[in-house]
Amino acid sequence: AKHTHWEEFLEKGKSEVESKNYKEAKIHFDEALNLAKILFEDDEEELGETAFRLGEVNQILKHYKEAEQAYRIVLKYVRLDIGEDDKFFGVLMSRLGRVYYELEDFNGAFSCYDQALDDAIIHYGEDDIIYVRRLNNMGLVFLDIDENDEAMKRFEEVVEKAEKLLDKNSDELGTYYNNLGITYLNNYDKLIEAEGLFKKSIAISKANNKITSQSYVIRLINLANYYNNTGDLQLAFNNIQESTQIAQEHLKNHPILLKCYNNMSTLYAQYGNKERSGFYLNKALKFIEENNIEGTLDHANVLISSARDFMQTFYYEGAVERYSEALTILEEKLGVNSDRYLNVSNALTVAHLNLGEAEIAMEHSKNAVPAIEYVIGQKSNLYAKHLSNFAKAQSLLNQHEEALRYYTEAKDIIGSLAGNKSYSYAKSLQNIASVNLKLGQHEK
């Protein structure tokens, strides 16, 4: 009787999936799995299939913790019965990797995607679309943990192979252009090439009549980020405004709307319109509360943007509060050695310095420097920024000789990276001049 009931629940679940009634399907698969655990051993296919179907539905419903639990049952079955050499192992690792990615467990995602990629090399070869898709997944993880160069390597290979394998108007190819564009956006030497990649991806969306889709909105936002980075605020605003209008109308409860609100707030702040900037910031914070996404990287990004706006309006106490809250999230999600954590830590130090809190600022810089040396290296802009912050804190504490030493070291790094005609180099000279003035060394 139990076996009959298991079959009935399983078939009902499959039928509901075909009709896209996923909530109903989940109920039936839950019942089927409860019976399967009683009827079958861990190495029997019936248990594995039932758990896999439940995992798929939970993933569609974004019940990622439950999906992980179901896929873990499947993984145990695979290891006990068909083995990790079977093609299905790669499929399972891709699914489980996606679950961890959505849960922002990037270590778990990386491990699963890495195994899935190895499986693709063995079973399909490096010129197959399955290999390309799994390599893209690896790139996404690198992008989210701020390993931009590693992500760029993967995405460049993905685009090179995908252009040979996919139709020129394939939306999948558009996604790959977009991903590579993001890494170019974060690389000064490749920045100018990002615009063309984003425009290609947008053209593909239009060719496929997907101008109300999430992917189209994302591509508009990224093109806007390019224009923002290159100083064309009007073009940036036009793209962000269009993306926000589409998201408000067609993607009301999707996290992409949060990104739109956040970008609108930032752009208005750059225009000096505090009222409109605050309006969209409040919309972003309300969206976070209503959609229960506190403590996520999306939440951290809104806090960081808000803190930057506060810095521009000289509300340093508010900036300290928002940066500190963002750092708590980044520490949990990415770790204290991530690029993003270290950059926000630097911004928090600057906020403390503007409040005259020299001891706190000095402590932040002192704690950050070893991590920067380890992760990024001494010959980096971020390292120079922390040295300058440390020097400013010492100067505020009347430790001018020490401040001069660190300002000079920062100046040498900036000169080697940006050249002695750059704004940042000029600013470093100004810092040194101000300390020499305090030391009474007027000629210097």
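The following legends describe an overview and several close-up views of a predicted model.

**Figure 1. Overall fold of the predicted chain, built from 21 helices and zero strands.** Taken along the principal axes, the C-alpha atoms occupy a box of roughly 95 × 45 × 45 Å. The chain comprises 444 residues, of which 49% count as buried. Among contacts with a separation of 6 or more, 58% join residues that are 24 or more positions apart. The exposed area of the chain is about 22,200 Å², and carbon and sulfur atoms contribute 47% of that area. The side chains include 49 positive and 70 negative groups, and the centres of these two sets are 6 Å apart.

**Figure 2. The aromatic pair of Phe-237 and Tyr-268.** The chain contains 11 aromatic pairs. In one of them, the rings of Phe-237 and Tyr-268 meet edge-to-face, with 5.5 Å centre to centre and 75° between the planes. This pair connects distant parts of the chain, since Phe-237 belongs to helix 12 (residues 233–250) and Tyr-268 to helix 13 (residues 255–271), 31 residues apart. Phe-237 and Tyr-268 are both buried. Ring pairs also join these two residues with Tyr-261, Phe-279 and Tyr-280 in a cluster.

**Figure 3. The aromatic pair of Phe-390 and Tyr-406.** The two rings adopt an edge-to-face arrangement, with 5.0 Å centre to centre and 85° between the planes. Distant parts of the chain are again linked: Phe-390 lies in helix 19 (residues 381–396), whereas Tyr-406 lies in helix 20 (residues 400–418), 16 residues apart. Both partners, Phe-390 and Tyr-406, are buried. The ring of Tyr-406 also has a charged group over it, namely the charged end of Arg-405, 4.5 Å from the ring centre.

**Figure 4. Surroundings of Phe-390 in helix 19.** Is this side chain buried or exposed? Phe-390 counts as buried because its relative accessibility is 12%, and the cut-off for burial is under 20%. Which residues does Phe-390 touch, not counting those up to four places away in sequence? They are Met-362, Ser-365, Lys-366 and Tyr-406. The C-alpha atom of Phe-390 is separated by 8.6 Å from that of Tyr-407, a residue 17 positions away along the chain.

**Figure 5. Lys-20 in the loop between helix 1 and helix 2.** Helix 1 (2–18) and helix 2 (22–39) flank the loop that holds Lys-20. Phi of Lys-20 is near 60°, a positive value in a residue other than glycine. Most residues other than glycine have a negative phi. Lys-20 is classed as exposed because its relative accessible area is 61%, and exposed residues are those over 50%.

**Figure 6. Asn-209 in the loop between helix 10 and helix 11.** The loop containing Asn-209 runs between helix 10 (191–207) and helix 11 (214–229). In Asn-209, a residue other than glycine, phi takes a positive value near 55°. With a relative accessible area of 64%, Asn-209 is exposed.

How values were computed
Residues are numbered from 1 along each chain as its sequence is written. This is a predicted model: local features need pLDDT of at least 70, side-chain atom pairs count only at pLDDT 80 or more; totals for chains, interfaces and linings use all residues. Side-chain values use heavy atoms; hydrogens and water are left out. Helices (H or I, at least four residues) and strands (E, at least two) are DSSP runs, numbered from the N terminus. Buried means under 20% relative accessible area, exposed over 50%, partly exposed in between (1.4 Å probe, protein chains only). Contact means heavy atoms within 4.5 Å. Accessible areas come from the Shrake-Rupley method with a 1.4 Å probe; for residues, only the protein chains shown count as cover. Lys and Arg count as positive and Asp and Glu as negative; His and the chain ends are not counted. The place of a charge is taken as NZ of Lys, CZ of Arg, CG of Asp or CD of Glu. Rings of Phe, Tyr and Trp (its six-membered ring) pair if their centres lie within 6.5 Å; planes under 30 degrees apart count as stacked, over 60 as edge-to-face and the rest as tilted. A charge sits over a ring if NZ of Lys or CZ of Arg is within 6 Å of the ring centre and within 35 degrees of the ring normal.
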